[in-house]
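Me: I would like to go through this model step by step, with the reasoning spelled out for each answer. Could we begin with its pockets?

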Amino acid sequence: MRANDGACDRQGRFVFGLLHEPAEGPKQAVAPFLRLNADLTLEILPLPTVAISNSIAFSPSGDTMYFCDSLQKQILRCDYGDTLGPAQLFVDLQAEPGEPDGSAVDADGGLWNARWGDARVVRYRPDGTEDRAIATPVSQPTRPAFGGPAYRTLFITSAHDGMDAAARAQDPLAGHLLSLDDAGFAGLPEARFAGDPNSLPPHAPRGTSAEIP
């Protein structure tokens with residue numbers, strides 16, 4: 001397994017998920033979500049394990065966490081804090097093309113999700129209803145983020161994973177960073193990690209509270 005998607009919560013703790021990458025055979029839903037605390041302890045969060053972690057984002061107040069397993073094509077949510085509530089369905093995308101990839105939350109609480117393989121970024125209201133969709137000139141958008149003046153510029157990363165030369169020729173901007181000057185909503189400044197990795201002396205044990213199978 002390896003790390004895949006992550007974001008700091010509003011308290012500055014880094015929450016990230018893993019990805020199952022077997023040498024042979026299909027990916028399995030065995031990868032956990034973890035939280036790196038400010039004191040550099042690491043804990044496994046009580047969330048469903050996944051094959052490909054993605055869509056990790058937090059509501060403006062920080063009391064809701066969004067996440068998904070891209071292969072399951074469902075974005076989930078849970079009450080979030082020092083303890084977590086049970087996972088609940090937020091958006092079901094099983095009947096739609098593409099897969100949910102990375103997400104960002106705007107100042108109004110809307111969740112913006114990059115749709116890998118579907119050439120779109122889609123905004124969902126806090127109640128899970130689709131609000132708008134932005135077509136991208138790349139087939140594999142990977143994650144949106146807000147920046148620029150007043151956080152109104154929408155940046156979108158992309159990939160060219162698995163593309164041969166012919167596919168790259170048909171998708172020439174794959175792998176580029178895109179931007180939209182005004183997405184119609186303002187974003188939020190992202191929290192920075194609250195810990196200091198240099199605060200421990202050399203060779204001190206780090207993150208010893210979690211043991212990943």
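Me: What is the volume of the largest pocket, and which elements give two or more residues to its lining?
Reply: This is a predicted model, and in it the largest pocket has a volume of about 350 Å³. Of the 17 residues that line this pocket, the closest to its centre are Asn 4, Leu 19, Ile 52, Asp 101 and Trp 116. The elements that give two or more residues to this lining are strand E1 (2-8), strand E9 (99-105) and strand E13 (141-147).

Me: How many residues in the lining of the largest pocket are charged?
Reply: Sorting the lining of the largest pocket by class gives five nonpolar and four polar residues. The remaining class in this lining is the charged one, and the number of charged residues is eight.

Me: Which element supplies the largest share of the lining of the second largest pocket?
Reply: The second largest pocket holds about 220 Å³ of space, and of its 20 lining residues the closest to the centre are Ser 103, Ala 104, Arg 143, Pro 144 and Glu 190. Its lining divides into 14 nonpolar, three polar and three charged residues. At least two residues each come from E1, E5, E9, E13 and strand E14 (153-158). The largest share, four residues, comes from E13.

Me: In the sheet with the order E5-E6-E7-E8, which strands stand at the edges?
Reply: Four strands form this open sheet, with antiparallel pairing. A strand with a single partner has one side left without a neighbour in the sheet, and this is so for strand E5 (53-58) and strand E8 (88-92). Neighbouring strands here are turned by 25 degrees against each other on average, direction ignored. The edge strands are therefore E5 and E8.

Me: Which residue in E6 is the bridge partner of Phe 58?
Reply: E5 and strand E6 (residues 64-69) run antiparallel and are joined by four bridges. For Phe 58, the bridge partner in E6 is Met 65.

Me: How many disulfides does the structure hold, and why do Cys 8 and Cys 68 form no bond?
Reply: A disulfide requires two cysteine sulfur atoms within 2.5 Å. The closest cysteine sulfur to that of Cys 8 is in Cys 78, 16 Å away, which is too far for a bond. The sulfur of Cys 68 likewise has its closest cysteine sulfur in Cys 78, and here the 13 Å between them is too far for a bond. The number of disulfides in the structure is zero.

Me: Is Cys 68 buried or exposed?
Reply: A residue counts as buried under 20% relative accessible area. Cys 8, at 13%, is buried. Cys 68 has 0% relative accessibility, so Cys 68 is buried.

Key: Residues are numbered from 1 along each chain as its sequence is written. This is a predicted model: local features need pLDDT of at least 70, side-chain atom pairs count only at pLDDT 80 or more; totals for chains, interfaces and linings use all residues. Side-chain values use heavy atoms; hydrogens and water are left out. Buried means under 20% relative accessible area, exposed over 50%, partly exposed in between (1.4 Å probe, protein chains only). Two strands pair if DSSP finds at least two bridges between them. Axes are lines fitted to C-alpha atoms, for helices over the stretch in contact, and angles run from 0 to 180 degrees between N-to-C directions. On a 1 Å grid over the protein atoms alone, a cavity is a set of points where a 1.4 Å probe fits but cannot get out, and a pocket is an open set with protein on both sides within 12 Å along at least five of seven lines; lining residues have an atom within 4 Å of a point. Grid points are joined across faces, edges and corners, and a volume is the space filled by probe spheres set on the points. Ala, Val, Leu, Ile, Met, Phe, Trp, Tyr, Cys and Pro count as nonpolar, Asp, Glu, Lys and Arg as charged, and the others, Gly among them, as polar.
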